[in-house]
Structure formats: C-alpha cells, structure tokens
Amino acid sequence: MTGLVDRYGRVHRDLRISVTDRCSLRCTYCMPEQGVPWLPRDTMLTTEEVVRLAGVAVSLGIEEIRLTGGEPLLRRDLVDVVAGLAALDPAPEISMTTNGVGLDKTAAALRDAGLTRVNVSIDTLRRERFLELAKRDRIRDTLAGIEAAAAAGLVPVKLNTVLMRGVNDDEAVDLLAFALEHDYQLRFIEQMPLDAQHAWDRSQMITGEEILERLRTAYELTPLPDEARGSAPAELFLVDGGPATVGVIASVTMPFCGTCDRVRLTADGMIRNCLFATGETDLRTPLRSGASDAELADLFRESIGAKLPGHGINEPGFLQPPRPMSRIGG
Ligand SMILES: Nc1nc2c(ncn2[C@@H]2O[C@H](COP(=O)(O)OP(=O)(O)OP(=O)(O)O)[C@@H](O)[C@H]2O)c(=O)[nH]1
Ligand SMILES: C[S@@+](CC[C@H](N)C(=O)[O-])C[C@H]1O[C@@H](n2cnc3c(N)ncnc32)[C@H](O)[C@@H]1O
Ligand code: SF4
Ligand code: SF4
C-alpha cells in the first residue's frame, strides 16, 4: 500500500489521536473557565473504532502514535486504547501528551499496556499562579503525575510550557532549573491562535527569541545542528554545554511546516491534515456504515493529498480554524 505522501513530498509517519475533548483544567490559552460544549457521547469513537482506524494508518506507514485531547487521562478505557494500539502489527511507538492530573494513579498501568513515554504540560511552579492559569487548584496533581511518570520509566519525561506576557514569563529560568534538577526535558511553546475564545493576541505571545533571551540570563545555550531536529517541532539547545537540553517550539515565528510529518484523528473520528486545517475528512460515518479498510485508507490518502504547505498564521487573511485546540489535540 502506498504511504501518506503529500503534494510537497512530506511523508506522514506520526498520527496524533485525540481520545477525548473533555478536560480537567481550563488553561486560559486553550478554553474559557466555563469550558466548551463537549462532543456528544455517541459521536465519540469507541476503543475498537480508534484501534481499527489506527490500524489502517499503520498500514499506510504511520510509525508513531501520540495520544492527546482534551485530557487523555479522562478517558476511562485509556489503558485498553493503549493496549489495542500496542497490539497493532507493526507496533507503533505510543506516547501521550497530558496535563498530568491523575497520572500518578495510572502511569504504571499505562506503561504495562505499551505506553513508552509522556509529555506533561506545566506552565508554572507556583500554586496561586497555577490556579489563575488553569482555573483549578491542581498543581500538586500535575507534579505528582510528572514524578510518577519518571518513576514508571515513561522516559524521557518532557515538559511543555506556554509562556504568556506578564503572566508567567518571569518563570522561564525557574522552570528550566526545575527540569534540570529532575532530568526532565523542558520545551517552551509559542502561544498559537487555537483557543476556543478566539482571544489570541500576537503582542501577548512570548516569541522564541524572547524565550531564549530570558533563559540566557542564567544559562549558556548552544543550538543543536538542524539535522538532529528532523521533523520535530522543538528546536533544541544544549544547556551549559549539555548533555541536558531545552527546547523551543516557535510555531508562529519560526514555522516548521516544511518538515511536517503529522496527521490528526479527532475524538469524533475526523481526520485533520493540519492543526490549522479549516476542513476535515469524516471517517466516522463511513466507518459506521461498513467501509472496508481499503476505503478508509483512501480517505486518509485523500486528506493528506489536500494538505496545504503551511499554517498561514503570518499571512494576511489567516482564519483561525473553527475547531478549538481541546477538540483537535495539540
Ligand atoms: N504548529 C504545530 N504545533 C505542533 C505540532 N505538533 C505539536 N505541536 C505543538 O507543540 C507543542 C508540544 O506538543 P507535544 O504534544 O508535546 O508533541 P511533540 O513536541 O511533537 O512531542 P515529542 O515527539 O515528544 O517531541 C504543543 O503546543 C503542540 O500543539 C504541529 O504539527 N504543528
Ligand atoms: C491541547 S493540549 C492536550 C493534552 C493535555 N490536555 C495537555 O495539556 O498536555 C496539548 C498541548 O497543547 C498546548 N496548547 C494548548 N493550547 C495552546 C495554544 N493556544 N498555543 C500553544 N500551545 C497550546 C498545551 O500546553 C499542551 O502542551
Ligand atoms: S491545554 Fe490541555 S490541560 Fe489545558 S485546557 Fe487545554 S486540553 Fe486542558
Ligand atoms: S501547522 Fe500544520 S503543516 Fe505546520 S507543522 Fe503543524 S500540522 Fe504541520
């Protein structure tokens, strides 16, 4: 079967699956405090459906599967999802991006089911600030989740931080010190226009350059060569000569779309060929109407065939996609 190659020669090997749109937090750059209307239950893919579609993707050359959301840990049968994906042939590498709340209770079971590593999002180390940023007093849970992931061997544990001007941008150095102390790999992310409120404001975004400026007040940073980056969103820097690194994901000011190898499947069964795609390909309806694997594979290929060269955020006339981050899976 031919793989998922787009018009620009980009080969897709990474499938990001949103297993739920529900979330335990309300990060201000993602959704409003009152949340967003959740997807109706009957539109959400069952474990069997997720595994079947992932199997089709694997037959098309997908090698890595990332579980995301919403908050993936809110999916009650998450361990079954992981086990089902791990049983695919050839077996993909399975990782997860999470806010860490509840991970202390499930890390070992997820590892035993076949999860190999996790990325945990944490934007501050201060309790009051966490509450202000995520609208929930759960910093202890997130920290316990990070610790449990490392203890369970879900390594490397990567941390994701979105810096916001006047909100947590004074914590860049503290967060890196914390990561270095515990051997976690920290990455700073530029805020993207994907929030449900459509309140993104370029002037509030801390750019990759600004992130580096703040870190260089305390650390010497040396960029790793471009070849080492491959299709990863994070540009890595050695900290004080290494071996520890820090990453910068500058999606807005330094887009990495030219090497994109990602395709997404939403919790309600839509393929998205880009985070910023304004259109989607419905897999759920054909799946539930008896489509064959070959027919589903054609839909994957069609979606990738229509993929645009980049996100267009910096072009005039850019329109934020109607589907917010929490329903896409970052
Ligand atoms: N623009 C853009 N941002 C992305 C893409 N993939 C991930 N991100 C963003 O990068 C940040 C970190 O994402 P993660 O889920 O940790 O994924 P990752 O950085 O690819 O993970 P690793 O493979 O572990 O390095 C999040 O804010 C994502 O939304 C992408 O394809 N395009
Ligand atoms: C949408 S979340 C889903 C998984 C999980 N709930 C979490 O927070 O890790 C995935 C990643 O996207 C990031 N993210 C969410 N909204 C963002 C935005 N507007 N710009 C940049 N990154 C964002 C989060 O910080 C997180 O690292
Ligand atoms: S970024 Fe993740 S944890 Fe925060 S509200 Fe969005 S989905 Fe939830
Ligand atoms: S914005 Fe779209 S094209 Fe660019 S890297 Fe992300 S998913 Fe790929």
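Analyst: A helix here is a DSSP run of H or I with at least four residues, and helices are numbered from the N terminus. With that in hand, Glu48 sits in helix H1. Keep in mind that this is a predicted model.

User: Okay, why is Glu48 called exposed?

Analyst: Count the neighbours: Glu48 has 11 other C-beta atoms within 10 Å. The cut-off for exposed is 12 or fewer, so Glu48 with its 11 qualifies as exposed.

User: How far apart are Glu48 and Asp80, in sequence and in space?

Analyst: They are 32 residues apart in sequence, and their C-alpha atoms are 9.3 Å apart in space.

User: Let's go to the cysteines. Which ones does UniProt annotate as "binding site"?

Analyst: An unreviewed UniProt entry puts that annotation on Cys257, Cys260 and Cys274.

User: How do you know that they gather at one spot?

Analyst: The three cysteines span 18 residues in sequence, but no two of their C-alpha atoms are more than 9.3 Å apart, so they do come together at one spot. Cys257, Cys260 and Cys274 are also among the residues around ligand 4, together with others including Arg262, Phe276 and His311.

User: What makes Cys274 buried and Cys257 partly exposed?

Analyst: Same kind of count. Cys274 has 22 other C-beta atoms within 10 Å, and buried takes 20 or more, so Cys274 counts as buried. Cys257 has 19, which falls between the limit of 20 or more for buried and that of 12 or fewer for exposed, so Cys257 is partly exposed.

User: Where in the chain do Cys257 and Cys274 sit, and what do they touch?

Analyst: Cys257 is in the loop between strand S9 (245-249) and strand S10 (262-265). Cys274 is in the loop between strand S11 (270-272) and strand S12 (281-282). Setting aside residues up to four places away in sequence, Cys257 touches Pro309, Gly310 and His311, while Cys274 contacts Lys307, Leu308 and His311.

User: What makes up the shell around ligand 4, by class?

Analyst: Seven nonpolar, two polar and one charged. Cys counts as nonpolar and Gly as polar in this scheme.

User: And which residues are closest to ligand 1?

Analyst: Of the 17 residues surrounding ligand 1, the closest are Thr97, Asn119, Ser251, Arg262 and Gly330. By class, the ligand 1 shell splits into seven nonpolar, seven polar and three charged.

User: Back to the helices. How do you know that the buried residues of H2 are on the same side?

Analyst: The buried ones in helix H2 (residues 78-86) are Leu78, Val81, Val82 and Leu85. They cover an arc of only 95° around the axis, and that puts them on the same side of H2. Their cover includes helix H1 (47-59), helix H3 (103-113) and strands S1 (14-20), S2 (64-69) and S3 (93-98).

User: Which residues have the most contacts inside the largest nonpolar core?

Analyst: Ala54 and Ala149, in a core of 89 residues. H1 gives the largest share of this core, five residues. Apart from neighbours within four places in sequence, Ala54 contacts Leu15, Ile17, Ile65, Leu85 and Leu88.

Methods:
Residues numbered from 1 in each chain as written. Chains lettered and ligands numbered in written order. Predicted model: local features only at pLDDT ≥ 70, side-chain atom pairs only at ≥ 80, totals over all residues. Helix = DSSP H or I, 4+ residues; strand = E, 2+ residues; numbered from the N terminus. Arc of directions from axis to C-beta. Contact = placed C-beta atoms within 7 Å. Near = placed C-beta within 6 Å. UniProt positions renumbered as here; feature names shortened; annotations may be inferred. Core = buried A, V, L, I, M, F, W, Y, C linked by C-beta atoms within 7 Å.
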